[in-house]
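Colleague: Could you take me through one part of this model slowly, as if I were new to the topic? I would like to see how the strands sit together and what packs on them.

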Amino acid sequence: MKVQITHAGGMKLIAKSSSNHEVVIDASEQVGGSDSGMRPMELMLISLGGCAGMDVISILQKKRVPFTRVDMQLEAERAEDHPKVFKKIKVTFLVYGDKENIKANDVERAIELSSTKYCSASNMLNKTAEIEYGYEIIAT
C-alpha cells in the first residue's frame, strides 16, 4: 500500500492512494489553512468507521441477517495536550431492517469480531483510546 501526498498551497494537501483515489486534507483558517478539506484526525476516525463498518456488514451478510443498511455514528474525545491523541471513541452502529428478524446476538457478535479480530484500525487505535461500541436495530 502506498500513498502520494502533494502540497497544494497553504496547508492544503492532496493525498492519492495506490487505488488511485484522492482526498483533500486541510487545516482550519485559524491555523493557516483554507478549510477546503478534512482534518487528519477526522480521517483517522473515518478510517475506524470504514474498517469496522465493512467488517460488520460482511459478517452480517455471511450470517444471512436480513438488514437493509448499516450506518454508523462515531464521536471522539481528544487529549488536551500535544500530542492530542484520541482518548475515548464511541462507535454506534445503526442496523436497519426487519426488526423482528434481526437478532441482537448476531449484531453483537459481528461487532465483537470486528473490534477484537478483524479491524486493523480499531486494533491500532485501542492502544491509546478506549473504544466503546454500541448499536441500535431500527425497523424499516
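Modeller: Happy to! Let's start with strand 4 and strand 5 (residues 86-97), which pair in the antiparallel sense over 11 bridges. Here, two strands pair if DSSP finds at least two bridges between them; helices (H or I, at least four residues) and strands (E, at least two) are DSSP runs, numbered from the N terminus. Please keep in mind that this is a predicted model, where local features need pLDDT of at least 70, side-chain atom pairs count only at pLDDT 80 or more, and totals for chains, interfaces and linings use all residues. Residues are numbered from 1 along each chain as its sequence is written, and side-chain values use heavy atoms, leaving out hydrogens and water.

One bridge to find is that of Phe67, whose partner in strand 5 is Gly97. Now look at helix 1 (residues 40-62): this helix packs on the sheet and touches strand 4, strand 5 and strand 6, where contact means heavy atoms within 4.5 Å. The direction of helix 1 makes about 150° with that of strand 4; axes are lines fitted to C-alpha atoms, for helices over the stretch in contact, and angles run from 0 to 180 degrees between N-to-C directions. Helix 2 packs on the sheet too, touching strand 5 and strand 6, and its direction makes about 150° with that of strand 6.

The sheet itself is open, with 3 strands in the order 4-5-6 and mixed pairing. Strand 4 (67-78) and strand 6 (130-139) each have a single partner strand, so they stand at the edges with one side left without a neighbour in the sheet.
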